[in-house]
Structure formats: structure tokens, C-alpha cells
Amino acid sequence: MKISEDLVKKFNEQITLEFESSLAYRQLAIEADEQDLTGFGSWLRHQADEEIVHANKFIDHVVDRGNHAEIGAINAPVVRAGLSPLEIFEESLANEIKVSNAIRDLYRETEAAGDLDSRPLLNWFVDEQIEEEATVSEIIGRIKLIGNDGAGLLRLDAELGSRSVGTTEA
């Protein structure tokens, strides 16, 4: 069943937001790498790739339902240079919250339109965003516990850098 044009527009906005989120994570990875926190950088790049996977899921949903997916204008990320590790992950959390809110809004729009076929996809994304926010919140909590302990920060950096690498086609 085709998606209404109004909802296609909303899905396309979400697709664009997912790509913008990917770029924000890429910029945050640069900030981490510039501080020689390569594990943090690796983790953030993995997050960037995951956002592309999310965009692809939305694209597939729109196309599979006989509509035209379209990427809108991508806004460059606004990330201040010289962020501390804590600030990097606080920016990450703010980014996830923004995406979560957009997904909830999209969910509400599809519900109001009676688009039951989008429910499974959006349920998956609601669960995913809960997990994403919790993960980043945990990292923030650990950085706060570490404080100025360089050894602790390097241990966390190594741990985050050991995350297995995925693909944007997942």
C-alpha cells in the first residue's frame, strides 16, 4: 500500500535527518581523533555508519511501498572545536534525543493517518533509540566517574575502540 504524499514528505525528512546525524557523528569522531582518543573516534564513526543504515531502512520502506524516497538538503554539523571527551558524548546524546523526537513525531503522524504498515518499522526505531540514548548516557556516566583520571579515560577509550565494525548495508 502506497504511503500518502504528506507521509512520504515526513519519511523523507527523517531520511535527511539520519544522514545529518551521520555527519554529526563523523565530526565528533574528528574531535576525538584530534585528542588521540582513537577508540572514541572509532566508536563515533561506527555510530555514523549506523545512522546511514537507519537512513537506508527508511529509504527501503518508502520505496518498497511504491513511493519515491528523496534525500533533502543536508545541513553541515555544528560542532565546536576542542570539545572535551564529556562534551563530545553530551553532543552525541543531544543528537540521539533529536533523532528520537523526530521518530516519535513520525510515529504520531503515521498513527494519525492510519498507516498501520509503518508501525513495525517505527516500533523497531523506537526500541533502537531507547537503546542508543541509554548507551550514550552510560558512556557519559562513566566519563563523569573517571573525571580527570587519564588512565581511566584511556581504558574507556580502548574499550570503546574494541567495538566490532559493521557495514552501512546491515
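**View 1. A nonpolar patch on the surface of the predicted model, made of Leu23, Ile71 and Ile74.** Taken together, these three residues offer about 240 Å² of accessible area. Ile74 sits in the loop between α2 and α3. Its relative accessibility comes out at 36%, so Ile74 goes down as partly exposed, a label that covers the range between under 20% (buried) and over 50% (exposed).

**View 2. Helix α5, residues 150-161, checked for length.** How far apart should the ends of α5 be at 1.5 Å a residue? For twelve residues the expected span is 16 Å, and the end C-alpha atoms of α5 are indeed 16 Å apart, so the two values agree.

**View 3. The two sides of α5, buried and exposed.** On the buried list for this helix are Gly152, Leu153, Leu156, Asp157 and Leu160. Look down the axis of α5 and these buried residues fall within an arc of 140°, which means they line one face of the helix. What do they pack against? The partners are three other helices: α2 (38-64), α3 (85-112) and α4 (119-146). Turned away from that buried side is a face carrying Leu154, Arg155 and Ala158, and these residues are exposed.

**View 4. Gln129 of helix α4 and its surroundings.** Is Gln129 buried or exposed? Its relative accessibility is just 2%, so Gln129 counts as buried, the cut-off being under 20%. Skip its neighbours within four places in sequence, and the contacts of Gln129 are His54, Glu96, Val99, Ser100 and Ile103. Of the helices in view, α2 spans 38-64 and α3 spans 85-112, should you want to place those partners.

**View 5. Glu50 of helix α2 among its contacts.** With a relative accessible area of 17%, Glu50 is classed as buried. Which residues does Glu50 touch once those up to four places away in sequence are set aside? They are Glu128, Glu132 and Arg163.

**View 6. Ala94 and Val136, a pair separated in sequence.** Ala94 belongs to helix α3. A relative accessible area of 44% makes Ala94 partly exposed. Count along the chain and Ala94 and Val136 are 42 residues apart; go straight through space, C-alpha to C-alpha, and the separation is 9.7 Å.

Terms used: Residues are numbered from 1 along each chain as its sequence is written. This is a predicted model: local features need pLDDT of at least 70, side-chain atom pairs count only at pLDDT 80 or more; totals for chains, interfaces and linings use all residues. Side-chain values use heavy atoms; hydrogens and water are left out. Helices (H or I, at least four residues) and strands (E, at least two) are DSSP runs, numbered from the N terminus. The expected span of a helix is 1.5 Å times one less than its number of residues. Buried means under 20% relative accessible area, exposed over 50%, partly exposed in between (1.4 Å probe, protein chains only). The arc is that of the directions from the helix axis to the C-beta atoms. Contact means heavy atoms within 4.5 Å. Patches are made of residues with over 30% relative accessible area and no salt bridge: like charges are joined within 9 Å, nonpolar side chains (Val, Leu, Ile, Met, Phe, Trp, Tyr) within 5 Å. Accessible areas come from the Shrake-Rupley method with a 1.4 Å probe; for residues, only the protein chains shown count as cover. A salt bridge is a side-chain nitrogen of Lys or Arg within 4 Å of a carboxyl oxygen of Asp or Glu.
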